[in-house]
Amino acid sequence: MTIFGPADIMLPQNLEYTKWSVVACDQYTSEPAYWQKVNEFVGDAPSAYKIIFPEIYLGRNDAGRIANINKTMHEYIDGGKFRTLHNTFIYIERTMGDGRVRKGVVGSIDLERYDFHKGSKSPVRATEGVVYDRIPPRVRIRENAPLEIPHIMLLIDDPEKKIVEGAAKLVSDYDTVYDFDLMSDSGHLRGYAMCDASRDIFSQNIEKTENKILSGDNPLIYAVGDGNHSLASAKECWENIKKNLPPEERETHPARFALVEVVNLHDDSLEFEPIHRVLFGVKKSDVVNAFLHYYPKAGKKPNEGHHIEYVYGGEHGHLYVKSPKAALAAGTLQSFLDDYIKRNNVKIDYIHGADVVESLASKGTDMGFILPPISKSELFETVIREGALPRKTFSMGEARDKRFYLEAKMITK
């Protein structure tokens with residue numbers, strides 16, 4: 001059995017796909033206007049928006065919202081809002097806002113082969129540190145849900161472009177299952193279901209690749225690019241479920257397998273964007289002085305160490321840390337921020353887009369930190385060598401280009 005395999009994939013039917021498909025729940029977390037527009041655009045129509053939990057609303061009647069999500073899921077299933085494509089993969093072409101096309105394949109990943117904990121050497125592992133207090137809310141959503149509708153994207157290091165791009169070459173043999181514009185000027189999404197013959201060819205290519213990598217030391221086959229905490233929550237739920245299952249049921253229980261999209265790290269359209277930080281309700285002098293105290297070797301003049309750029313009240317400043325212990329500037333900054341937040345009880349958010357940071361930090365009450373990009377070509381090597389990167393280090397593209405919810409899969413019998 002391969003680690004990444006076909007699935008019984010549920011697709012919405014007899015509804016407007018543009019209203020159904022919405023961006024990942026961890027986007028626009030400091031922009032309530034975006035989610036309000038989504039709510040207004042969707043209206044009374046069936047939508048993934050009504051069966052996900054946008055993070056911007058966490059902490060506001062969580063139990064009530066989760067109960068309504070689960071209720072709506074059952075209503076959609078019972079009301080015939082889905083059709084199921086059995087034992088298949090879906091090949092995807094996502095046209096992004098700037099016209100570039102990202103290719104991917106949707107199938108299921110075996111959670112028995114995934115471990116998100118620090119130091120993991122599993123073939124499927126996190127690329128970034130997991131924020132453990134973000135898992136329980138997602139577990140509460142999933143533990144009583146009949147289905148999952150994920151935004152998880154896994155990366156495969158395939159410089160020869162044999163896997164996903166190989167699937168693209170057979171697209172004329174597939175059936176088109178959706179083809180529509182995404183909301184909020186977020187591009188276009190087209191999906192094709194593989195026929196039996198092409199599915200078998202794709203599975204054989206996957207099996208060869210997996211076996212080759214598994215034969216080496218510290219085999220990393222799939223690295224979590226997006227949906228880190230969602231996949232970790234799926235793993236936690238599966239670990240809880242399997243405790244009460246006999247061995248034979250563990251082999252095929254639907255909760256053991258999570259729906260994901262696999263994308264080639266070397267896809268020409270794939271760009272890594274840094275994820276920035278904003279502290280709310282702080283004074284610039286307090287934060288800068290605390291930073292210089294935390295890092296006694298830090299200063300405001302360039303040196304050979306890490307460069308931290310900040311913005312406050314529309315003005316930019318720079319801090320430099322000589323001989324940093326962390327491999328990346330994100331790690332250097334995050335270590336300080338964790339300490340500062342703990343000591344001062346202030347709110348932090350992780351922001352996609354330097355322009356959004358500058359806007360949020362323009363009032364003179366909030367402080368933004370703008371991080372440099374990292375090279376995607378170094379990702380697998382760095383994770384293998386050093387373990388998961390600091391949490392919220394990178395994002396694959398801007399917020400509007402993130403994966404949108406669309407496909408679903410049952411996770412209960």
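**View 1. Phe291 and its ring partner Tyr295.** Phe291 has a relative accessibility of 1%, so this residue counts as buried; the cut-off for that word is under 20%. Tyr295 reaches 17% relative accessibility and therefore counts as buried too. As with everything in these legends, the values come from a predicted model.

**View 2. A cluster of aromatic rings around Phe291.** Stepping back a little, we find Phe291, Tyr294, Tyr295, Phe336 and Tyr340 linked into a cluster by ring pairs.

**View 3. Phe4 meets Phe89.** A pair of aromatic rings is described by the distance of the centres and the angle of the planes. Across the model, 21 aromatic pairs are counted. One of them joins Phe4 to Phe89, with 5.5 Å from centre to centre and 45° between the planes, a tilted arrangement. This pair connects distant parts of the chain, as its two residues are 85 residues apart. Phe4 belongs to strand 1 (residues 4–5), while Phe89 lies in the loop between strand 3 (82–88) and strand 4 (90–95). Phe4 and Phe89 are both buried. For the rings of Phe291 and Tyr295, the centres are 5.3 Å apart and the planes meet at 55°, so that pair is tilted.

**View 4. Arg65 over Phe53.** Here a charge joins the picture: the charged end of Arg65 sits over the ring of Phe53. Its distance from the ring centre is 5.4 Å.

**View 5. Lys347 over Phe280.** In this close-up, look for the ring of Phe280, with the charged end of Lys347 sitting over it. The charged end of Lys347 is 5.2 Å from the centre of that ring.

Key: Residues are numbered from 1 along each chain as its sequence is written. This is a predicted model: local features need pLDDT of at least 70, side-chain atom pairs count only at pLDDT 80 or more; totals for chains, interfaces and linings use all residues. Side-chain values use heavy atoms; hydrogens and water are left out. Rings of Phe, Tyr and Trp (its six-membered ring) pair if their centres lie within 6.5 Å; planes under 30 degrees apart count as stacked, over 60 as edge-to-face and the rest as tilted. Helices (H or I, at least four residues) and strands (E, at least two) are DSSP runs, numbered from the N terminus. Buried means under 20% relative accessible area, exposed over 50%, partly exposed in between (1.4 Å probe, protein chains only). A charge sits over a ring if NZ of Lys or CZ of Arg is within 6 Å of the ring centre and within 35 degrees of the ring normal.
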